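User: I'm new to this one and would like to know what stands behind the words people use for it. Can we go through them one by one?

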Amino acid sequence: MMETAVEVGRRNLCSYCGSCVSICQTSALGFKNDTPCLVDAERCNYCGLCTKVCPSINELEKPSVLKCYAAYSKNEEIRFNSSSGGFITQFLIDLLENGTIDGAIVCDYKDDVFAPQAILAKSREDIIKASASKYCPVPMNLIFKDLKEGSYAFVGLPCHIKSLRLYQNIDNKIKHSIIIAIGLFCNHTPKFQATDYVLYILGIRKKDVKKIRYRGDGWPGSMQVMLNNDHVVKITNVWDTGFGKYFIPDACLNCKDVFSDYADISVGDPWLQEYYSDKLGTSFVITRKTSAIHLIEGCGRLSINEVSYSKVFDSQKTLYEIKTQRKNYRKRRLFSRLGKHKVLWSFLYQKSRFERFMKRHTKDL
Ligand SMILES: Cc1cc2nc3c(=O)[nH]c(=O)nc-3n(C[C@H](O)[C@H](O)[C@H](O)COP(=O)(O)OP(=O)(O)OC[C@H]3O[C@@H](n4cnc5c(N)ncnc54)[C@H](O)[C@@H]3O)c2cc1C
Ligand code: SF4
Ligand code: SF4
Ligand code: SF4
């Protein structure tokens, strides 16, 4: 039995969800880089709360899947600027404007251009500003500590959502205030170094960057780096550069939750041939709560079509196998270790160019 969440970090199991630091009543716990540490060991009374909310070392019963949909926002601007079909952004705006929620906990940049964080969005503009995926670690659940009572929606990755559920078993304020949990599908979150690597291969200095968007710009979209001189650099194939391969955190190598199994609503990309010509985008949506179905079906600003769960599952089949099959673990870990060494980056870049060349010229690599 682990005494504190520090041990989770020591065993490389921490996904940087933020819950342990948030729930610690004595402020003994903090983060060093993206790993929990005892900032003041004398304050720790070994209450064990920090380990009880950790998604990496606790199990929970999974709710059943109810209905699934292919959905998108009827507002083309929202649809174009979001990750998939803008389902989440449009749905949150609707919930806010019809009074179901007082605000939405979403992920946006505040103080640091490279480190997004959880924010409580209380306007349509704030929800839109926070749209699209951020492909770097975000301790979303840190926000629980200072959250005032109210009715909120929460958006997060599978580890954020599982940890939210564990938190709700302990903390009544969070149990009653977060009334709807929206989870993203997730293969893994690239480490912060993945972004450094992309800037490196583009020859961009970090100090020249004003803003980063990893998705948006249609579907599947592009990564956009806005410079201080307002020049925008776009990369459409960012995952092929090595970004999605050499920088996988250990916690993600051990994680098997692809569909945000504990969320009321889960949302992902429609990685199926029939959607590849759709350049505006569609979101695949899974529901696990009857009230969520009523809210979705009552949202006139969304286009929704019911689809089968097997279709949604098929859209992630390859990613699911990569993430859950033991045989892939060693290979993924090896690549992830390579990404640690900055001096190897230019070699990796050359290597991924070489791999792309080989892929074009061989059938099965
Ligand atoms: C790290 C990561 C990995 C993913 N892996 C997959 C995958 O393997 N397969 C797949 O189909 N889909 C994956 N997704 C989900 C996909 O990218 C879209 O987010 C999803 O389809 C929702 O699209 P949308 O247009 O409805 O959302 P939008 O309307 O664009 O809204 C997205 C919402 O997610 C929030 N958000 C963005 N990034 C984060 C973050 N890092 N942590 C918490 N909240 C965040 C935003 O604040 C916003 O509220 C991943 C997303 C992330 C962030
Ligand atoms: S006081 Fe409790 S929650 Fe805080 S670090 Fe110690 S064991 Fe964890
Ligand atoms: S996964 Fe979350 S709860 Fe567990 S150690 Fe890391 S930050 Fe803390
Ligand atoms: S793979 Fe698992 S641990 Fe990693 S970010 Fe996704 S949900 Fe969290």
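User: Let's start with ligand 2: what surrounds it?

Analyst: Around ligand 2 you find Thr4, Cys24, Thr26, Ala28, Leu29, Cys44, Asn45, Tyr46, Cys47, Gly48, Leu49 and Cys50. A residue gets onto that list if its C-beta atom, placed from the backbone, lies within 6 Å of the molecule. By class, that shell has eight nonpolar, four polar and no charged residues. Here Ala, Val, Leu, Ile, Met, Phe, Trp, Tyr, Cys and Pro count as nonpolar, Asp, Glu, Lys and Arg as charged, and the others, Gly among them, as polar.

A word on the ground rules: this is a predicted model, where local features need pLDDT of at least 70 and side-chain atom pairs count only at 80 or more, while totals for chains, interfaces and linings use all residues. Residues are numbered from 1 along each chain as its sequence is written, with chains lettered from A and ligands numbered from 1 in the order in which they are written.

User: And which helices help to surround ligand 4?

Analyst: Helix H7 (158-168) and helix H10 (250-253) do, each giving at least two residues to the shell. Helices (H or I, at least four residues) and strands (E, at least two) are DSSP runs, numbered from the N terminus. The ligand 4 shell holds seven nonpolar, three polar and one charged residues, among them Cys159, His188 and Asp257.

User: How many helices and strands are there in the chain, and why is it called as compact as a globular protein of its length?

Analyst: The chain has 15 helices and 13 strands. Its radius of gyration is 20 Å, close to the 21 Å that the globule rule gives for 365 residues, so the wording fits. The radius is taken over C-alpha atoms, and the rule is 2.2 Å times the number of residues to the power 0.38.

User: Why is Asn305 called exposed?

Analyst: Count its neighbours: 10 other C-beta atoms lie within 10 Å, so Asn305 is exposed. The cut-off is 12 or fewer within 10 Å for exposed, 20 or more for buried, and partly exposed in between, with C-beta atoms placed from the backbone. Asn305 sits in strand E13 (residues 302-307). Across the chain, 44% of the 365 residues count as buried.

User: What makes E13 an edge strand?

Analyst: An open sheet of eight strands runs in the order E5-E4-E6-E7-E11-E12-E3-E13, with mixed pairing. E13 and strand E5 (117-121) are its edges, as each pairs on one side only. Two strands pair if DSSP finds at least two bridges between them.
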